[in-house]
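Reader: I should be grateful for a close look at one part of this model, namely the place where helices pack together and charged side chains pair. Please describe it step by step.

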Amino acid sequence: MVGTTLVSSLGLLALAGVEVVAQTTEYTDPNTNITFQKIEKDGSSYTFGIALPETFGTDFIGQITGAGTEGWVSVSFGGGMRHSLLLIAYPDGESVTASLRTTGQYAAPLLFEGSEAVVRPIPEGTFADSTGFSYTFLCERCVVQDLTFNGSVSEPRLGWARSTVPVVDPSSATSILSYHDYYGGFTADLEAASSAKFDEWAALAAVDPDFPPSPSDSNGTIPDAPVREETYDYIVAGAGAGGIVAAERLAESGASVLLLERGAPSFYAQGGRITMPWNDTVTVFDVPTALNQIFDTPGTNSFCADTAAQAACILGGGTAVNGMIFIRPPEHDFEFFPEGWKWDDVADAAERLYERNIHTLFPSADGKYYDETIYNVASKSFESNGWTSTDAIQFPNDKHKAFSRAPSGIVNGLRGGPVRTYLPLAQKLDNFKLELHTRVVRAVRTNSTITGVEVEVNGAREIININPGGGVLLASGSMSSPRILFNSGIGPTEQIEVVEAGNTLVRLPERSEWIDLPVGKRIQDHPEWTTVWNFTGEAAELPIVSEEMIENPSAEMIEQFAHATGVLAQNEIRMELWTDITPEVDGVKRYIQIEFYGTVTGQFKMELFLTHGSTSRGELGITPDGVTYHIQDPLWHTEGDIAAMNTLVETLLEYSRKPGAVFAWPGSPNATASDVLVNVRSGIHVVSTAAIGTDDGREGGNAVVDLDTRVYGTDNLFVVDASINPSVPTGNTMAITMLVAEKAAERILALRALEES
């Protein structure tokens with residue numbers, strides 16, 4: 001899990017890449033007398049069974065169970081989370097709610113559409129009580145090409161997941177789900193699951209289906225939200241890379257600032273208590289090398305359940321769960337920003353950021369680098385092929401055939417970022433307040449004037465007002481700030497209409513006050529590929545620190561960490577590499593970033609990102625349940641983008657085939673780029689959902705915010721996160737997001753001073 005990518009093979013139902021550990025066995029359910037091939041997981045807190053007809057077709061019977069009276073269980077019929085058909089079930093009193101869902105990203109799965117699949121419950125095997133719940137069902141036309149097992153393999157791999165956290169609305173088949181607590185994989189013996197009694201068992205199913213669900217009612221009665229007594233000059237929605245930086249700078253000016261974060265604390269110093277088994281004074285978020293364990297540790301609850309791709313909902317946002325890679329943006333990253341936001345305009349903000357936010361090429365406090373095999377071998381290999389070593393901190397513009405040790409935001413052996421470097425400064429000020437577990441629903445406005453925000457705390461709504469002359473800053477991330485805008489009557493009319501007719505009980509302004517802006521219309525992201533390569537020759541025998549050593553560190557490693565040294569004080573990225581490619585098909589220069597890492601001796605991974613200059617874009621929308629989703633996927637679909645990545649990978653393959661090459665592609669010796677570039681996914685470096693510019697979106701332009709980051713059509717609503725970046729940067733998004741927030745705070749304060757003068 002690399003860079004600022006939150007996770008590559010894990011997610012809300014993180015079933016991709018999991019190790020198969022068990023196979024189904026025969027079980028006859030006493031309530032229905034159906035004989036299943038069944039798996040038990042998590043100490044029997046989860047079970048799934050399957051039964052099929054003798055002749056394989058498109059129907060099957062399933063039974064899924066979970067322990068407890070809350071939470072949810074799921075099975076993936078394709079084995080992974082992405083691009084698989086998922087069945088999800090959860091208790092609702094004495095009944096059970098179920099649905100079929102799919103997702104193309106490691107994010108909230110939405111209802112499955114575009115098929116004739118029907119799920120009918122079998123009543124005798126469907127119930128919920130004080131000990132747990134069971135859902136038994138006939139799934140008709142549920143064997144779907146490319147999404148499920150298909151009969152070609154007698155023992156296909158399926159996946160399972162379970163959460164103990166209550167769903168938002170257990171009566172709704174479209175309810176928002178929490179992140180899973182437990183997950184894994186198993187194989188199902190389809191031949192043993194086949195039975196001549198299938199038709200007899202199928203006849204037990206109810207006539208009325210649970211899926212597709214019946215259409216739900218629109219917004220019910222919208223509650224009146226009480227108003228808090230306390231007011232503030234500025235309210236900042238979201239305590240991530242942009243929000244913390246902007247809030248601290250505003251508070252420095254003497255203004256009263258309320259910083260709202262929907263999630264829980266992350267670092268131990270901020271109240272987080274999901275600690276390491278070998279050190280109870282640091283959390284899983286604090287320890288740089290514990291990145292993967294964030295996703296595997298029950299109770300972290302660190303990810304949003306209502307975004308189009310995976311995003312963090314915890315103090316620090318993505319900076320609390322990413323790979324800590326801090327790439328100073330090169331000057332060309334600002335070429336698509338408007339005048340007033342070019343590099344020369346933001347260089348002062350960059351210097352302020354770099355001075356405060358500690359980052360280094362050598363995270364260990366003793367100045368040594370540990371676990372160097374991958375860097376030593378890979379750097380020499382690329383150097384022999386004409387690439388140049390650089391220092392990515394000192395020379396951020398070196399992005400052509402250049403490599404560097406990974407610049408990392410690590411402070412005294414702990415994860416750094418704004419929670420470590422900016423937030424404590426704000427917390428020393430009497431005019432600053434941080435409030436956790438508080439979700440911002442909308443900006444409250446009358447015509448163009450924002451008067452406050454509506455928030456949700458423990459399921460209850462209330463309104464927090466700002467003082468005259470104050471403002472509201474949205475910093476909830478590129479996939480959540482748009483939701484707040486939609487809920488505030490700002491964005492494409494069709495998206496606001498979804499909110500109006502939806503289930504989220506949002507009080508919109510009158511239609512005449514809606515502001516038609518292209519929110520979400522030009523979303524962009526880094527497409528990402530994880531590629532695994534083998535070392536060859538002597539390099540294959542060189543030691544690499546294993547995942548087992550990281551998860552169960554030795555006494556020596558623990559002692560080193562206590563002094564901010566050693567492997568545990570480093571993140572897992574060993575080398576960063578960049579270059580640019582200009583495909584003939586369109587003549588547009590594109591940049592590519594590669595991250596090198598690994599935990600298996602004789603093997604390493606290259607994480608490939610197509611970055612600045614890419615031309616693929618998508619569109620973000622919102623569901624009636626308030627989940628943002630991709631109307632159009634933004635990843636890797638233009639000819640030029642495809643050509644650039646193909647060129648890069650063919651170059652890597654060429655290097656691997658040279659005499660004396662120290663690495664090799666593990667597949668066919670005749671492999672091409674198409675064999676390597678499989679399973680593209682979101683790099684979770686999402687930008688441009690509320691782009692900055694002078695081309696006012698109300699008048700047909702692409703901009704949502706002006707040069708002061710103020711939303712067009714409003715007096716005092718601002719966006720200060722990666723949403724406003726017009727295009728993806730050359731590197732990971734943490735540094736440039738913090739930089740933009742630094743500049744935004746400066747301009748917002750200057751605007752207020754101008755208005756008061």
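Author: The account below begins with the packing of two helices, turns to the salt bridges around them, and ends with some other local features.

The model is predicted, and every value given here is computed from it. Two packed helices are described by the angle between their axes and the distance between the axes. For helix H3 (residues 241-252) and helix H15 (residues 733-756), the axes come within 8 Å and cross at roughly 30 degrees. The crossing of H3 past H15 is right-handed. On the H3 side, the contact is made by Ala241, Gly242, Val245, Ala246, Arg249 and Leu250. H15 contributes Met734, Thr737, Met738, Ala741, Glu742, Ala745, Ile748 and Leu749. Sorted by class, this contact of H3 with H15 holds 10 nonpolar, 2 polar and 2 charged residues.

The charged residues deserve separate attention. Side chains of opposite charge can pair when their charged atoms come close. Over the whole structure, a search finds 40 salt bridges. One of them joins Arg352 to Glu746, with the closest N and O atoms 2.8 Å apart. Arg352 belongs to helix H5 (residues 343-356) and Glu746 to helix H15, so this pair ties together parts that are 394 residues apart in sequence. Both partners are partly exposed: Arg352 has a relative accessibility of 28%, and Glu746 has a relative accessible area of 29%.

Glu746 also forms a salt bridge with Lys743, where the closest N and O atoms are 2.9 Å apart. Lys743 and Glu746 are 3 residues apart in helix H15 and are therefore separated by about one helical turn. Lys743 is buried, because its relative accessible area is 6% and the cut-off for buried is under 20%. Glu746 thus pairs with Arg352 of H5 and with Lys743 of H15. These residues are part of a network of salt bridges that links Glu248, Arg249, Glu252, Asp348, Arg352, Arg356, Glu742, Lys743 and Glu746. Two members of this network, Arg249 and Glu742, also appear in the contact of H3 with H15.

A further salt bridge may be set beside these. The side chains of Arg698 and Asp696 meet at 2.6 Å, N to O. Here Arg698 is partly exposed, at 44% relative accessibility, whereas Asp696 counts as buried, at 9%.

Another helix, H12 (residues 555-562), has the buried residues Met557, Gln560 and Phe561. They cover an arc of only 100 degrees around the axis, which means that they lie on the same side of H12. Ala555, Glu556 and Ala562 are exposed on the other side of H12. The packing partners of the buried residues of H12 are strand E19 (279-283), strand E23 (414-415) and helix H11 (547-551). After H12 comes Ala564, with a positive phi near 60 degrees.

Some backbone features complete the account. Most residues other than glycine have a negative phi, and most peptide bonds are trans. His83, although not a glycine, has a positive phi of about 55 degrees; His83 is located in the loop between strand E6 (72-76) and strand E7 (86-92). Arg141 likewise has a positive phi, near 55 degrees, and lies in the loop between strand E12 (132-140) and strand E13 (157-163). The peptide bond from Phe211 to Pro212 is cis, with omega near 0 degrees, and Pro212 is in the loop between helix H2 (198-202) and strand E16 (227-237).

Terms used:
Residues are numbered from 1 along each chain as its sequence is written. This is a predicted model: local features need pLDDT of at least 70, side-chain atom pairs count only at pLDDT 80 or more; totals for chains, interfaces and linings use all residues. Side-chain values use heavy atoms; hydrogens and water are left out. Helices (H or I, at least four residues) and strands (E, at least two) are DSSP runs, numbered from the N terminus. Buried means under 20% relative accessible area, exposed over 50%, partly exposed in between (1.4 Å probe, protein chains only). The arc is that of the directions from the helix axis to the C-beta atoms. Contact means heavy atoms within 4.5 Å. Axes are lines fitted to C-alpha atoms, for helices over the stretch in contact, and angles run from 0 to 180 degrees between N-to-C directions. A crossing is left-handed if the near helix is turned anticlockwise from the far one by less than a right angle, and right-handed if clockwise. Ala, Val, Leu, Ile, Met, Phe, Trp, Tyr, Cys and Pro count as nonpolar, Asp, Glu, Lys and Arg as charged, and the others, Gly among them, as polar. A salt bridge is a side-chain nitrogen of Lys or Arg within 4 Å of a carboxyl oxygen of Asp or Glu.
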